[in-house]
There are 2 protein chains.
Amino acid sequence: MVSLYLASRSPRRRELLAGLGYRFEVLDVAVDERRADGETPARYVERMAREKALAGLDAAEGGGAARPEGLPPVVLGADTIVVVDGKVLGKPRDRAEVLAHLERLSGRDHRVLSAVALAARAAGEPAVGVRLSRNRVWFRQLSPAEREAYRATGEPADKAGSYAIQGLAAAFVTRLEGSWSAVVGLPLNETTDLLARAGLPFLAPPGGDAAGAWPATAERR
Amino acid sequence: MVSLYLASRSPRRRELLAGLGYRFEVLDVAVDERRADGETPARYVERMAREKALAGLDAAEGGGAARPEGLPPVVLGADTIVVVDGKVLGKPRDRAEVLAHLERLSGRDHRVLSAVALAARAAGEPAVGVRLSRNRVWFRQLSPAEREAYRATGEPADKAGSYAIQGLAAAFVTRLEGSWSAVVGLPLNETTDLLARAGLPFLAPPGGDAAGAWPATAERR
């Protein structure tokens, strides 16, 4: 038996994980999000997920969060970036950057890299497993008026690459290759694989090993 | 100005269309869903979408539904099927069929065909446009215990192919090629394209031609 934590401020990640029926606590951790010199986008997103999970493990063990039943903590961290022409698009800083992102994504494909990490203590030492999901998304051509109308909805404000595939931007997407949940922010197949290895199998029957993390049917989506 | 209708009983389609901000009424239409002899899966799913849209147009014009402001009706119909080894998997009839579907989908890819049709009256005659979305979905290997646990959640009951990609089955999907919304049940890029051609542009500003179908910001998701 373990206690599951999600070290992420993202409401989308919370929703995705809760949608699978897992019970967990949210940890608000801060890590230095600057990309290192020469660090590839893939290495960068993996490192961010790993650092968030390890910072979360620290917080969970240090009493920085409620520890139901005092069970050993298992902590998920995740990071998602949009990459186009080798450039990483983060969250937009202002209106101009939203419009610049949308213009850059219009009428072509881009990559979305999404990493999930799981940290737990093994034989006294913090251990972390990381999984990377590589995805490609195609946008239809967006007119300047459409880009401005989309910006004005407010949806792009806190999203990497200035769009939400699970929101209004779904209408712009002509094709996806990879994992939809990864593009939203948490690759669910990879996440459930990591959780199963940590003793929290997906769809495990209540009363089994994962009872602490698996709710009753009525609580499922 | 037109009035938008969705001729579908599916709560997923309603949610997807409402998520884009469109205002519409739901029509409950019945069509003969039997596949014709020698009809390909693609022709079949296109015909189902077309027949639902036309039946919806009939119902909307015949006073079978509320007609806000008496505007001319524009009616969406849609259909989605799962195809594997040339066999169309529909909604499961019983528990045994759920398990048979899941066993068949386990550890391999399958196709999901999703069609959307838009019916309206043009120069006095019913006219309909249809768009087909072809998609491929890969499932990881599912053990007999996992298939039974997933069946027991109740989620497969009313879904073509006995799974919901937007639900717990997201954890089974290792890869998608195509459109996520199409696999859920309504290809949103194709839908907004049809709607734009019918005078209901996506993200059109309130007060414009699409004012009747485009809600105020506060009503958006």
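Trainee: How many residues of chain B are in contact with chain A?
Mentor: This is a predicted model, where local features need pLDDT of at least 70, side-chain atom pairs count only at pLDDT 80 or more, and totals for chains, interfaces and linings use all residues. Residues are numbered from 1 along each chain as its sequence is written, while chains are lettered from A and ligands numbered from 1 in the order in which they are written. Two residues are in contact if their C-beta atoms, placed from the backbone, lie within 7 Å. Chain A puts in 29 residues, and chain B 28.

Trainee: Which element gives the most to the side of chain B that touches chain A?
Mentor: Elements are DSSP runs numbered from the N terminus: helices are H or I with at least four residues, strands E with at least two. Those giving two or more residues to this side are α4 (144-152), β7 (173-178), α5 (180-184) and α6 (188-197) of chain B. With six residues, the top contributor is β7(B).

Trainee: How do the β7 strands of the two chains run?
Mentor: Strands pair if DSSP finds at least two bridges between them. Here three bridges join β7 of chain A (residues 173-178) to β7(B). One of the pairs is A:L176 with B:G178. The strands run antiparallel.

Trainee: What kind of axis relates the two copies?
Mentor: Copies are superposed by least squares on the C-alpha atoms of residues with pLDDT of at least 70 in both. Chain B falls on chain A after a rotation of 180 degrees, with 0.0 Å of shift along the axis and an RMSD of 0.0 Å. The copies are therefore related as by a two-fold rotation axis.

Trainee: Which C-alpha of chain B is nearest that axis?
Mentor: The distance from the axis is 2.3 Å. The residue is B:E177.

Trainee: Where do the buried residues of α1(A) lie around the helix axis?
Mentor: A residue is buried if 20 or more other C-beta atoms lie within 10 Å of its own, with C-beta atoms placed from the backbone. In α1 of chain A (residues 11-19), these are A:R13, A:L16 and A:L17. Taking directions from the helix axis to the C-beta atoms, they cover an arc of only 95 degrees, so they sit on the same side of α1(A).

Trainee: Which elements do the buried residues of α1(A) pack against?
Mentor: The partners belong to chain A itself. They are β1 (3-7), β3 (73-84), α5 (180-184) and α6 (188-197).

Trainee: What percentage of chain A is buried?
Mentor: Chain A has 221 residues. The buried portion is 47%.

Key. A residue is buried if 20 or more other C-beta atoms lie within 10 Å of its own, exposed if 12 or fewer, and partly exposed in between; C-beta atoms are placed from the backbone.
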